[in-house]
Amino acid sequence: MDVDAKKWVLLGTGGTIAGTADVASDNLRYCAAQLSVQALWQALPGGPERRPEGAGPWVLEQVAQVDSKDMDFAVWAVLAQRCQQHLADPGVGGIVITHGTDTLEETAWFLHCVLDTHKPVVLTCAMRPASALAPDGPQNLRDAVAVAIAPGACGVLVVCAGEIHGARAVQKVHPYRLHAFSSGDAGPLGWVEEGQVRLSQNWPLAQSHHALVAIKKIVDGVPWPRVDIVMNYAGASAAMVAALVHSGVQGLVVAATGNGTLHYALQEALERAQAGGVAVRVATRCPLGQMLPHPGDMLPDAQGLSPVKARVSLLLELLAAQT
Ligand code: SIN
C-alpha cells in the first residue's frame, strides 16, 4: 500500500495518555484526560514532522475527553459513528484512537463488533501521565501509528508497551506496570520493534451479524438496554440478581468460578431471571483459558469472552433485537 497516498485519522478520547500531574515524579496523583489529541501528536518522539516513516497526512479529532473509568454509551455511540464515517472514506487508510487503559478492552471489543471494515483501527494508551519523567504514551502512540500504516493491518487492535493485541483476547492485567495488557493463552498478535511490525499471528477476523444491526440502532438513537455483571464467590446468594431483576435489568452476565460453576443459590436466581425474560450469559472469572460448556447447560455460555466483553456482546445482541 502507498501509505503516503492515504489520509490517516487520530481520534482522542482522554485517558492517562492525556493526563498530567503537578509533580513529574508522581505517577499516581494525576488527572487523566487533560491534554488535547493535538498536544499528544506534537509530543511524538522527534516531533510531529518526524512521523513514523511513510505516514501520510493525519487528521486529528477530539471525540471525547474522559477518564475511561467513566466511559459510557454516549461516548461509545459518538466514537463508533466517527470511526464509521472516516472508514467509509476511501481516502482514509486507518484510524488510531488514544484511550484510557481501564476500559480499553471493552471499547476495543465494542468497536470490533460494530465496525464493518478491513481497515485498521488501533487503540493505544499509557500507564503514566504525559507529564511523567519518562512517559510511555509518546512511544505507544508512535507504535500505534506504525501498526496502523503497516501493510495488511486490519481490524480493531490494541498497541501497548511494544505489543500488538487483538480485541477479543486483550485484557488489562496489571494496575501499575507499563506492560499492563495481555492476551493470555492466545499471546500477542505481534510486536512493534523500532517502528517495524513483527507478527506472530494473523490479523483478526470480522465481527458478528448482531452487532452490525446494533450499530444502525445506535445511530438511530435507540436506547441501550441495561446489562449488568454479577459474580460467583464463596457465600454468593440470590440477593444481587433479585435486586437487579427488580430494577428492570434486561441482561445479566455472571462471572462464574472455574469452568462456569455457580453457587446453587445464584444458579437458581439466574435460572429464575432467565425464565422471567432476562438474557443470561455465563463467563468465567478465570483470567486464562476459556470455559468448556457442558451439553444441556440451562444457562448459555459466553463463547469464550471475558465477563466485561460478554456484557458488550449481550448489549449489542439485545440492542439488535429491539424493535
Ligand atoms: C483511564 O483509564 O482513563 C485512566 C487510567 C489509564 O489510562 O491508565
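Tutor: Helices, as the word is used here, are DSSP runs of H or I with at least four residues, numbered from the N terminus. The model under discussion is predicted.

Student: In which helix is the place of A74?

Tutor: The element concerned spans residues 73-88, and A74 falls within that range. The place of A74 is therefore in helix α2.

Student: Is A74 buried or exposed?

Tutor: The class exposed requires over 50% relative accessible area. The relative accessibility of A74 is 53%, so A74 counts as exposed.

Student: How far apart in space are A74 and W224, C-alpha to C-alpha?

Tutor: Along the sequence, A74 and W224 are 150 residues apart. In space, the C-alpha to C-alpha distance between A74 and W224 is 9.7 Å.

Student: Which helix residue forms a salt bridge with E61?

Tutor: E61 lies in strand β4, residues 58-66, and its partner lies in helix α2, so the pair ties together parts that are 21 residues apart in sequence. The closest N and O atoms of the bridge are 2.5 Å apart. The partner of E61 is R82.

Student: Which of the two, E61 or R82, is buried?

Tutor: Buried means under 20% relative accessible area. R82 has a relative accessible area of 21% and is partly exposed. The value for E61 is 18%, so the buried residue is E61.

Student: With which residue does the side chain of D89 meet in a salt bridge?

Tutor: The N to O distance in this bridge is 3.0 Å. D89 lies in the loop between α2 and β5 (92-98) and the partner in strand β1 (residues 7-14), so the pair ties together parts that are 82 residues apart in sequence. D89 is partly exposed at 25% relative accessible area, and the partner is also partly exposed, at 31%. That partner is K7.

Student: How many salt bridges does the count come to?

Tutor: The pairs D89 with K7 and D70 with K69 each meet in a salt bridge. In the pair of D70 and K69, D70 is partly exposed at 41%, whereas K69 is exposed at 55%. The count comes to 8 salt bridges.

Student: What volume of space lies in the second largest pocket?

Tutor: The pocket is lined by 17 residues, and T16, Y30, T101, D102 and K172 lie nearest its centre. By class, the lining has 7 nonpolar, 6 polar and 4 charged residues. The space in this pocket is about 260 Å³.

Student: What is the accessible area of the nonpolar patch formed by M231, Y233 and M240?

Tutor: Y233, one of the patch residues, is placed in the loop between β13 (227-231) and α6 (239-246). At 37% relative accessibility, Y233 counts as partly exposed. M231, Y233 and M240 together have an accessible area of about 300 Å².

Student: What is the phi of E194?

Tutor: E194 lies in the loop between β11 (190-193) and β12 (196-199). With 80% relative accessibility, E194 counts as exposed. E194 is not a glycine, yet its phi is positive, at about 50°.

Student: Where is Q303, a residue other than glycine with a positive phi, found?

Tutor: The phi of Q303 is near 55°. Q303 counts as exposed, at 58% relative accessibility. Q303 is found in the loop between β15 (279-284) and α8 (307-321).

How values were computed. Residues are numbered from 1 along each chain as its sequence is written. This is a predicted model: local features need pLDDT of at least 70, side-chain atom pairs count only at pLDDT 80 or more; totals for chains, interfaces and linings use all residues. Side-chain values use heavy atoms; hydrogens and water are left out. Helices (H or I, at least four residues) and strands (E, at least two) are DSSP runs, numbered from the N terminus. Buried means under 20% relative accessible area, exposed over 50%, partly exposed in between (1.4 Å probe, protein chains only). On a 1 Å grid over the protein atoms alone, a cavity is a set of points where a 1.4 Å probe fits but cannot get out, and a pocket is an open set with protein on both sides within 12 Å along at least five of seven lines; lining residues have an atom within 4 Å of a point. Grid points are joined across faces, edges and corners, and a volume is the space filled by probe spheres set on the points. Ala, Val, Leu, Ile, Met, Phe, Trp, Tyr, Cys and Pro count as nonpolar, Asp, Glu, Lys and Arg as charged, and the others, Gly among them, as polar. Patches are made of residues with over 30% relative accessible area and no salt bridge: like charges are joined within 9 Å, nonpolar side chains (Val, Leu, Ile, Met, Phe, Trp, Tyr) within 5 Å. Accessible areas come from the Shrake-Rupley method with a 1.4 Å probe; for residues, only the protein chains shown count as cover. A salt bridge is a side-chain nitrogen of Lys or Arg within 4 Å of a carboxyl oxygen of Asp or Glu.
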